[in-house]
Amino acid sequence: MAKHSASINPLGFIRKYDELFNRLLFLLGALVVYRFGSHVPIPGMNPDSLANFFQTNENTILGLFNMFSGGALERMSVMALGIMPYISASIIVQMMTAVIPSLDALKKEGQAGQRQINKYTRQLTLLLAFVQAVGMCTGLISQNLTLSSGMTFYVPAVTSLVAGSMFLMWLGEQITERGIGNGISMLILAGIVATFPTVITQSITSVQQGQMNMIALFIFAMLALAVVAAIVFIERAQRRIPVNYAQKQQQGRKIYAQQQSHLPLKINMAGVIPAIFASSLLLFPASLGQWVGYSANPNMFQTFLQNMALVLSPGQPLYLVVFGALIIFFCYFYTALVFSPKEVAENLKKSGAYIPGIRPGQQTQRYLDHVLNRLTFIGAIYMTIICLMPMILQSAFGIPFQLGGTSVLISVVVIMDFIAQVKAHLMTHQYHDYSLLQTGVKQP
């Protein structure tokens, strides 16, 4: 009886998977800190005027920005800028890495070069956060949403917004290092999931008020489940290219026969990065025009910003075109960063491997590049449809989608990545236990 009780002791299970448990605990604590910080307001705000302003601008670009910040923008908290300055800085640095030889050389230097690139990214994040904070404070004053104006509001508000954005950047890096999953993606997921109760409440209220019947709500729910199933199917789909080894391998005195393997290529190798990058690039100019452009007596520059914010609002034709084009561009751009057909072809040639029917070297490179371009095209079209479909249905048929395709895509992909990393940690522990069992070492 004592042995049976000890075998199901939860403390023993936690001790066995202590590293995984500690990582999960750190991730949970970091997300709690993030959600707590999103409720801390910046000084000098008028809460009543702010609530009325966001109620009248719910379906504009501010609503999309508010979703990515997890409601922090609507509350005008110290984390109102969210993680978008860091994402924008990462986009700029990665694009510069592809065109500037010195940055490309740093990228190839390993961890030392990556640390230097991360340093440049942080510095650019600070600059972008400062510019966006000043623009946001200018817009708040122009909309009469503050209790004071001038330097008495600018200094504490800009300092709070920049500090909140830099803290989120640091918190995301800590989650990546000490938690589970990509820290930036987990923060974005936490912000999106925080809006789920509001979305459900608004849907139920719409049914109760007669704006939408129960059958339509059921159809939308089934459509959402179908979209989630399609995302899971595409994200798990692979094109497996067969790879053979030309010579027999010898290890010690043993000679092994020719081995066969495969090279897995995902349809969507860029993951959720193109959707995040495209959204952040559209949010920056549109939010700048939304905050700075509006004034009682606008000048020529402010009029231009007003028109820019109007045409780049979600659901507008120009927004749909630019958003789709950015998604397709970043699908190809990020795929080229994470997978190089030239390097893969060289590695296969050096290891004595070849693709059946394809000569090693340049022909292998051209073949991989051809396959990768076709897969990336399919992945880019899939991601564009998922992100734009709710906006098109809402603008064309007036269907009240409360949750965008971008948020659904990000949520599903990040959760899938999180589950995959948890399984990887569990497999590592099982392999470790099996190694100890084979060597006869008793576990502590």
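In this predicted model, the side chains of R122 and E173 meet in a salt bridge, with 3.2 Å from nitrogen to oxygen. R122 belongs to helix α9, which covers residues 111-142, while E173 belongs to helix α10, residues 151-178, so the pair ties together parts that are 51 residues apart in sequence. Such a pairing rests on a simple idea: side chains of opposite charge can pair when their charged atoms come close. The distance of 3.2 Å between R122 and E173 can be held against the cut-off for a salt bridge, which asks for a side-chain nitrogen of Lys or Arg within 4 Å of a carboxyl oxygen of Asp or Glu. As for their surroundings, R122 has a relative accessibility of 32% and therefore counts as partly exposed, and E173, at 22%, also counts as partly exposed. The reasoning here needs the limits of the classes, because buried means under 20% relative accessible area and exposed means over 50%, with partly exposed in between.

By the rule for salt bridges, the count comes to two. Besides the pair of R122 and E173, there is a salt bridge in which the side chains of E19 and R23 meet, at 3.6 Å from nitrogen to oxygen. Where do E19 and R23 lie? Both are found in helix α3, which runs over residues 18-37, and they stand four residues apart, which is about one turn of the helix. E19 is partly exposed, its relative accessible area being 40%.

The first bridge leads on to the helices that carry it. Two packed helices are described by the angle between their axes and the distance between the axes. For α9 and α10 the angle is about 140 degrees, and the axes are 9 Å apart. These two helices are therefore oblique to each other, and their crossing is right-handed. On the side of α9 the contact is made by R122, T125, L126, A129, F130, A133, V134, M136, C137, T138, L140 and I141, and on the side of α10 by F153, Y154, A157, V158, L161, V162, S165, M166, M169 and E173. Both partners of the salt bridge, R122 and E173, are thus among the residues of this contact. Sorted by class, the residues where α9 meets α10 divide into 17 nonpolar, three polar and two charged.

Helix α9 has a further packing partner in helix α7, residues 84-99, and here the angle is about 130 degrees, with the axes 8 Å apart. That angle makes α7 oblique to α9, and the crossing of α7 and α9 is right-handed. The residues that make this contact are P85, Y86, S88, A89, S90, I92 and V93 of α7, together with I117, T121, L124, T125, L128, A129 and Q132 of α9. How many of the residues in the contact of α7 with α9 are nonpolar, polar and charged? There are nine nonpolar and five polar residues, and no charged ones.

Helix α10, in turn, packs with α3 at an angle of about 165 degrees, with their axes 9 Å apart. An angle over 145 degrees counts as roughly antiparallel, and α3 and α10 are therefore roughly antiparallel to each other. The crossing in which α3 passes α10 is left-handed. In this contact R23, F26, L27, A30, V33 and Y34 of α3 meet F167, L168, L171, Q174, I175, E177 and R178 of α10. The residues of the contact of α3 with α10 divide into nine nonpolar, one polar and three charged. R23, one of the residues in this contact, is also the salt-bridge partner of E19.

Two further residues can be located in the model. N52 is found in helix α4, residues 47-56, and counts as partly exposed at 48% relative accessibility. Its C-alpha atom is separated by 9.7 Å from that of L145, although N52 and L145 are 93 residues apart along the chain. H370 has its place in helix α18, residues 362-397, and at 45% relative accessibility H370 counts as partly exposed. From H370 to P341 the distance is 9.5 Å, C-alpha to C-alpha, with their positions 29 residues apart in sequence.

Finally, the chain can be viewed as a whole. Its secondary structure comes to 19 helices and five strands, and of its 444 residues 43% count as buried. Among contacts between residues at least 6 apart in sequence, 74% join residues at least 24 apart.

Note on methods. Residues numbered from 1 in each chain as written. Predicted model: local features only at pLDDT ≥ 70, side-chain atom pairs only at ≥ 80, totals over all residues. Heavy atoms only, no water. Buried < 20%, exposed > 50% of the residue type's maximum accessible area, 1.4 Å probe, protein only. Axes fitted to C-alpha atoms, helices over the stretch in contact; angles between N-to-C directions. Parallel < 35°, antiparallel > 145°, perpendicular 65-115°, else oblique. Left-handed = near helix turned anticlockwise from the far one by under 90°. Contact = heavy atoms within 4.5 Å. Nonpolar A, V, L, I, M, F, W, Y, C, P; charged D, E, K, R; others polar.
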